[in-house]
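Colleague: I have a few minutes before my next run. Can you walk me through this one?
Modeller: Sure, pull it up and we'll start with the pockets.

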Amino acid sequence: MNKNIWLDGMMGLVVGDALGVPVQFMGRKEIRNRKEGPVTGMESGGVYNMPKGTWSDDSSMALATLSSILDKGEADPGDIMLQFVKWELKGEYTPYGEAFDEGNTCSNAIYDFVKFPDITKCGATGEHANGNGALMRILPVCLHYFDKQLVVTKDAIGKIHTIAGLTHNHLRSKICCGMYYFLVKSIIDNNVKYEERKEHWDSLPEGDYGYPPTKPSLLEVLQYGIFKGWNYYKSDIKNLTELAYLGRIKDLSSFQNEPEETIKTTGYVIDTFEAAIWCLINTNSYKDCMLKAVNLGDDTDTVAAIAGGLAGLYYGYETIPEEWLCEIPKRKWIEDLCEKASEGT
């Protein structure tokens with residue numbers, strides 16, 4: 001199977017982020033009742049008055065993380081934090097040379113690190129610091145540890161928690177990032193198995209061999225990831241209180257039927273995680289998933305970025321509309337980073 005998971009996931013994230021920027025902070029009714037109606041493609045404008053295709057802090061911090069992984073050959077928390085400083089203070093990893101849309105928790109952690117460069121103390125630990133700023137940028141770390149198949153799950157999750165904790169150092173946020181890893185791993189593993197079965201089927205001589213293999217649904221694949229993640233976390237009693245906050249997504253067949261009005265799109269990490277998964281399991285394509293995510297309103301860029309990373313992995317880079325991709329500034333630079341990552345991190 002010759003798939004570039006970095007290209008699938010990272011461009012899925014960046015495009016989702018960019019699609020959401022123009023309607024960020026608008027309520028879903030406000031979006032629906034606009035003169036132009038719900039979002040159907042890339043737009044310009046918004047609260048930051050940016051050109052079409054502009055991506056925000058979600059992508060910048062994810063790209064800073066990816067760049068660090070490529071430079072160091074590993075997920076080095078200290079170097080990742082240094083790249084965040086370059087983003088915040090120098091505008092690196094941005095579309096146009098200036099950081100914008102920084103979340104308070106991320107920004108505070110970066111400035112605290114500048115004053116006292118200790119990665120164990122810069123991240124906020126309070127319960128009210130459970131925003132989505134760690135979850136939105138964790139995809140490259142998840143992909144890195146998927147690539148490092150010899151790394152045991154406990155070590156991968158430990159490092160994911162550390163890197164999440166650079167800005168959001170409360171267990172609830174870290175568990176969400178760990179659960180995201182299990183979803184990433186489940187999607188890629190299932191894609192690989194399906195492609196292997198399909199290649200075997202296609203190589204058979206003509207004859208009656210029954211039905212060709214079918215790809216498991218995204219709901220099934222995500223459910224398996226949640227099952228694996230849930231079993232991992234529940235083995236430690238210290239996690240049970242925080243794990244309970246993710247109770248609505250434990251059974252996706254039930255959660256799929258939740259009405260839209262119960263899906264919140266605030267900056268709270270649980271709301272964001274739920275919204276992203278709800279969009280994923282209630283659509284059948286990358287495009288439809290992203291449009292559903294941004295038309296939910298409020299924290300549109302982050303919900304779409306988090307859902308977009310997973311949708312990109314499941315459906316593939318080739319399913320992202322070209323008319324969206326062509327609007328992304330620095331597209332070649334991002335894709336070159338992904339190609340380099342695919343060659344070996």
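Modeller: One term before we start. A pocket here is an open set of grid points with protein on both sides within 12 Å along at least five of seven lines, and its lining residues have an atom within 4 Å of a point. Also keep in mind that this is a predicted model.

Colleague: Fine. Which residues lie nearest the centre of the largest pocket?
Modeller: G103, N104, N132, G267 and D299. The full lining has 20 residues.

Colleague: What volume does the largest pocket have?
Modeller: About 330 Å³.

Colleague: Which helix gives the largest share of that lining?
Modeller: Helix α5, residues 104-115. Its share is three residues.

Colleague: And how do the lining residues divide into nonpolar, polar and charged?
Modeller: Twelve are polar, five are charged and three are nonpolar.

Colleague: Next one down. How much space lies in the second largest pocket?
Modeller: About 210 Å³.

Colleague: Which residues line the second largest pocket?
Modeller: Here they are: T153, F182, K185, S186, D189, N190, K193, Y224, G225, K228, N231 and Y232. Two elements give two or more residues each, α8 (171-203) and α9 (218-234).

Colleague: Which element gives the most to it?
Modeller: That's α8, with six residues. By class, the lining of this second pocket has five polar, four charged and three nonpolar residues.

Colleague: Let's go inside. How many residues are in the largest nonpolar core?
Modeller: It has 112. I138, Y180 and F273 have the most contacts inside it. Helix α8 turns up again, giving this core its largest share, eleven residues.

Colleague: What is Y180 in contact with, leaving aside neighbours within four places in sequence?
Modeller: L135, I138, L139, C142, F273, I306, G309 and L310. So I138 and F273 are both on that list, going by contacts within 4.5 Å.

Colleague: Switch to α13. Which of its residues are buried?
Modeller: The helix spans residues 286-294, and the buried ones are Y286, C289, M290, L291, A293 and V294.

Colleague: What covers them?
Modeller: The cover includes α1 (5-20), α2 (28-32), α12 (269-281), α14 (300-315) and α15 (322-325).

Colleague: I spotted a cysteine in there. How many disulfides does the model have?
Modeller: The count is zero. C279 is in none, and the nearest cysteine sulfur, that of C289, is 5.6 Å away.

Colleague: Why does 5.6 Å rule that pair out?
Modeller: Because a disulfide needs the two sulfur atoms within 2.5 Å. Seen from the other side, C289 has the sulfur of C279 as its nearest, also at 5.6 Å.

Colleague: Are those two buried or exposed?
Modeller: Buried. C279 has a relative accessible area of 0%, and C289 is at 1%.

Colleague: Now the loops. Where is T94 found?
Modeller: In the loop between α4 (77-90) and α5. T94 counts as buried, at 1% relative accessibility.

Colleague: Which residues is T94 in contact with, beyond four places in sequence?
Modeller: W55, S60, W87, A99 and K330. Take W55: it is 39 residues from T94 in sequence, yet the C-alpha atoms are 7.7 Å apart.

Colleague: And G97, buried or partly exposed?
Modeller: Partly exposed, with a relative accessible area of 42%. G97 is found in the loop between α4 and α5. Leaving aside neighbours within four places, G97 is in contact with K90 and G91.

Colleague: How far apart in space are G97 and F146?
Modeller: 31 Å, C-alpha to C-alpha, with their positions 49 residues apart in sequence.

Colleague: Last topic, backbone angles. What is phi for Y93?
Modeller: About 65°, a positive value although Y93 is not a glycine. Y93 lies in the loop between α4 and α5. It is buried, with a relative accessible area of 10%.

Colleague: What about phi of N49?
Modeller: Near 50°, positive again in a residue other than glycine. N49 is found in the loop between α2 and α3 (57-72).

Colleague: Is N49 buried or exposed?
Modeller: Exposed, at 61% relative accessible area.

Key: Residues are numbered from 1 along each chain as its sequence is written. This is a predicted model: local features need pLDDT of at least 70, side-chain atom pairs count only at pLDDT 80 or more; totals for chains, interfaces and linings use all residues. Side-chain values use heavy atoms; hydrogens and water are left out. On a 1 Å grid over the protein atoms alone, a cavity is a set of points where a 1.4 Å probe fits but cannot get out, and a pocket is an open set with protein on both sides within 12 Å along at least five of seven lines; lining residues have an atom within 4 Å of a point. Grid points are joined across faces, edges and corners, and a volume is the space filled by probe spheres set on the points. Helices (H or I, at least four residues) and strands (E, at least two) are DSSP runs, numbered from the N terminus. Ala, Val, Leu, Ile, Met, Phe, Trp, Tyr, Cys and Pro count as nonpolar, Asp, Glu, Lys and Arg as charged, and the others, Gly among them, as polar. Buried means under 20% relative accessible area, exposed over 50%, partly exposed in between (1.4 Å probe, protein chains only). A nonpolar core is a set of buried Ala, Val, Leu, Ile, Met, Phe, Trp, Tyr and Cys residues joined through side-chain atoms within 4.5 Å.
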